Structures are given as C-alpha cells and as structure tokens.
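This note is offered to a colleague who is meeting the structure for the first time. Please read the numbered points with the sequence and the model at hand.

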Amino acid sequence: MTKKIVKVKVPATTANLGAGFDTFGLALTLYNEFEVEEADGVFIESYPENKFLKNPENNLFIKVVKYLCEAEGKKFHGAKLKQTVNIPVARGLGSSATAIVAGILTGFAVHKKPLTDEEFFKVAYLFEPHPDNLLPAWKGGFITALKTEDKTYYSKIDFPQELKAVVVIPDFELSTELARSVLPKEIPLKDAVFNIQRASLFIRALQEKRFDLLKVAMEDRLHQPYRKSLIPNFDKVIQYAYDSGAVGASLSGAGSTMLALALDDFDKIGQAMVSAFSEAGINAKYLVLDVDTEGAKVEIVEK
Ligand SMILES: Nc1ncnc2c1ncn2[C@@H]1O[C@H](COP(=O)(O)OP(=O)(O)OP(=O)(O)O)[C@@H](O)[C@H]1O
Ligand SMILES: N[C@@H](CCO)C(=O)O
C-alpha cells in the first residue's frame, strides 16, 4: 500500500525590525524542515538532536496536526515526524511560527482542503497570537500586518535585494512570553508618535532604497527599552553593528537574537556584534542571511 509523505520547508522570520512592533516581519534564508507520514502513535526524530522537541507535549507541529485532524471529526492515530531543526528555539527567529505554519499546511494538504487566509488565521491564532512571524513564515518576504477582531490585514512589500540580514544568536534562550511580560501596559503619547514616525519612514526608506534612513527608522521606544535589560550589552551590540558598517540594527523579534541590516561588510559586522556579547561573557554566533521571498513550501510524495 502506498504511503503519503508530506514535506514542508519553512523560513525563519525576524519580527518588529525596531519600530514595527507586532507589525513588521521578514522571512530569512534559514529553514526548518518537517517530513511527516501517518503512523500508529507519535514518533519524532530531530536533526540535530533536540530532546525538548522530541517530546510530543512540546511539539507545536504535532499539536497543530492533531488539532486539524480532530477538527475534521477524525481520530488522530499518530504521526511519524522527521524534523530538521536549523532555527534555534526561543531566539526570536520564529521557530514556533515554522511549526505552526508547517502543521497547518500539512493538515490542509492531508485533508485536501483549500487553505484561505481566513482558515489559516483561524487555526494559527489558536497557537500564536500575533501575525508578524506567522505571515512571513507562510508567505515569505517583508510583511506589515495588523489583526482586528475579525480579520487580519497585511501587505507584502518588496524588500531591496541589496540588503542582507546579519543575525547574531547568543547561547541563551529568551521566550516571547518573558519578553512580553516586561512591556508596560501603557506608554506616553510621545513614544507612540516616535514609533509611528519611524515605522512609516522605514517603509519609504525600503521603497526608495534610502538605506541612510534605516538607522533612525529602526529606532524604537515601545519594546526595546524595556527588553534591553534581558540582553546583556544590548546597546553595545547595536553600537558595534553600526561602527562596523550596518545600515540598521535592532532586536530580532522578542530576542535573544540581534539583527543588523547591511549592504556589505557582513562578516565584519557579525564578528563585531559577537565580540560585544563576548565582552559580557556571552557566547554567540552570527549568520549572514538573505531575505526569503517565497515562504513555506509543501511537497507531497507517495512511497
Ligand atoms: N521547530 C519546532 N517544532 C515544534 N515545536 C516548536 C518548534 N519551535 C518551537 N516550538 C514550540 O513552541 C514553543 C515556543 O517556541 P519558541 O520559544 O521558539 O517561541 P518564541 O518564544 O515565540 O520564540 P521564537 O520567535 O524563536 O519562536 C516551544 O516551547 C515549543 O514548544
Ligand atoms: N512582535 C512579537 C514578535 C515575537 O517574535 C514580540 O516582539 O513580542
């Protein structure tokens, strides 16, 4: 009897990009891969070995696929999952979003259901409340999004191919839950205006390729001032990025990863940001990534 295997490849994402808190998201050329087939019982292999994700209780992909199976009125018998985990967990690179997107694409493929935006968000928001990682992980590219009670509005905006992302990944985790818990419930009007001005300018700077505007356009008063206490040498990492030639720099999503946007000098920038972390006794590594423009890819093979 032939078996159906579903393979999904989903890009990492960096959210916020400074001023665009809970709005901007960018897909990057770093991928998680999920290969799954039906089985009696849940079997998870991960490469490299990730004991935490091998536990079905911790595995969002399995949770989403199980949910979708039961939403179809069917009993979830199990799944055999092979996961390639290239995106570190709890580092602000959208690891959880890759699992949710992959689970949704798998579930809709297996149940032969057309996947509309509305269906996607109805399921995705059960597992992650904000669209700024979910959408670029699904659709690729640079996305600005907002979520209302009954609809998610978004636009995919061309991102200059000249720009690369230097992501600097320290060896400590920072969950989005913790990083959101340190944010204030209210902020001064001047801080809201500060971010509106810069988020707007960021969009135009990309469209006009005014890369000289990105540094001011990536400044933020809504989340980074409160989260910087969770990232040792935060200001120094940002400063070293600019001193080494970055055109923009910020926290990646809710962290712990730090992001620089650059036109060249990528290794020099990455090494400088790593050195800023090492001055605080933190080991880190850097990756030079392009923007992924296509988003998640699904392949169904029969064996
Ligand atoms: N690749 C994955 N496969 C399956 N489940 C995952 C994966 N990545 C994350 N998860 C699940 O989602 C939970 C939250 O993941 P994570 O901490 O990465 O999300 P986050 O705090 O939003 O940070 P990030 O932006 O890096 O996703 C994890 O504790 C784990 O249970
Ligand atoms: N906008 C979210 C992104 C999480 O990856 C936050 O900063 O909390």
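**Notes on the predicted model**

1. Ligand 1 has 19 residues around it, and those that come nearest are Asn58, Gln83, Ala90, Ser95 and Thr176. The model is a predicted one, and the points below should be read accordingly.

2. Several polar contacts of ligand 1 can be followed atom by atom. The side chain of Ser96 places an N or O atom 2.9 Å from an oxygen atom of the ligand. Two contacts come from the backbone: a polar backbone atom of Gly92 is 3.1 Å from an oxygen atom of ligand 1, and a backbone N or O atom of Leu93 is 3.4 Å from an oxygen atom of ligand 1. On its own, ligand 1 has 600 Å² of accessible area, of which the protein covers 86%.

3. Ala90, one of the residues that come nearest to ligand 1, also deserves a look for its backbone. Its phi is near 55°, a positive value in a residue other than glycine. Most residues other than glycine have a negative phi. Ala90 belongs to the loop between strand S4 (78–85) and helix H3.

4. Which residues surround ligand 2? They are Ala15, Asn16, Phe21, Asp22, His130, Asp132, Asn133, Thr176, Arg180, Arg227, Gly253 and Ala254. Thr176 appears here and is also listed among the residues that come nearest to ligand 1.

5. Side chains make the following polar contacts with ligand 2. A polar side-chain atom of Asn133 is found 2.7 Å from an oxygen atom of the ligand, and Arg180 likewise has a polar side-chain atom 2.7 Å from an oxygen atom of ligand 2. For Arg227, an N or O atom in the side chain is 2.8 Å from an oxygen atom of ligand 2. The accessible area of ligand 2 on its own is 260 Å², and the protein covers 97% of this.

6. Helix H4 spans residues 117–124, and its buried residues are Phe120, Phe121, Val123 and Ala124. Seen down the axis of H4, these buried residues fall within an arc of 165°, so they line one face of the helix. On the other side of H4, Glu118 and Lys122 are exposed. The buried residues pack against three helices, H2 (60–71), H3 (95–110) and H5 (131–139), and against strand S6 (152–157).

7. Two cis peptide bonds should be checked in the model. One joins Tyr47 and Pro48, with omega about -5°; Pro48 sits in the loop between strand S3 (41–47) and helix H1 (51–54). Another runs from Gly255 to Ser256, with omega near 15°; Ser256 is in the loop between strand S8 (248–251) and strand S9 (258–262). Most peptide bonds are trans.

8. An unreviewed UniProt entry places the feature "domain: GHMP kinase C-terminal" at residues 203–276. Over this stretch, the chain is 46% helix and 12% strand, and the end C-alpha atoms are 29 Å apart.

9. Is Lys209 buried, partly exposed or exposed? Its relative accessibility is 43%, so Lys209 counts as partly exposed. Lys209 lies in the loop between helix H7 (189–207) and helix H8 (214–217). Its phi is near 55°, a positive value in a residue other than glycine.

Key: Residues are numbered from 1 along each chain as its sequence is written. Chains are lettered from A and ligands numbered from 1 in the order in which they are written. This is a predicted model: local features need pLDDT of at least 70, side-chain atom pairs count only at pLDDT 80 or more; totals for chains, interfaces and linings use all residues. Side-chain values use heavy atoms; hydrogens and water are left out. Buried means under 20% relative accessible area, exposed over 50%, partly exposed in between (1.4 Å probe, protein chains only). Helices (H or I, at least four residues) and strands (E, at least two) are DSSP runs, numbered from the N terminus. The arc is that of the directions from the helix axis to the C-beta atoms. Contact means heavy atoms within 4.5 Å. A residue is near a molecule or strand if one of its heavy atoms lies within 4 Å of it. A polar contact is a pair of N or O atoms within 3.5 Å; within protein, one must be able to donate a hydrogen and the other to accept it, and residues adjacent in sequence count only if both atoms are side-chain atoms. Accessible areas come from the Shrake-Rupley method with a 1.4 Å probe; for residues, only the protein chains shown count as cover. UniProt positions are given in the numbering used here, feature names are shortened, and annotations may be inferred rather than shown by experiment.
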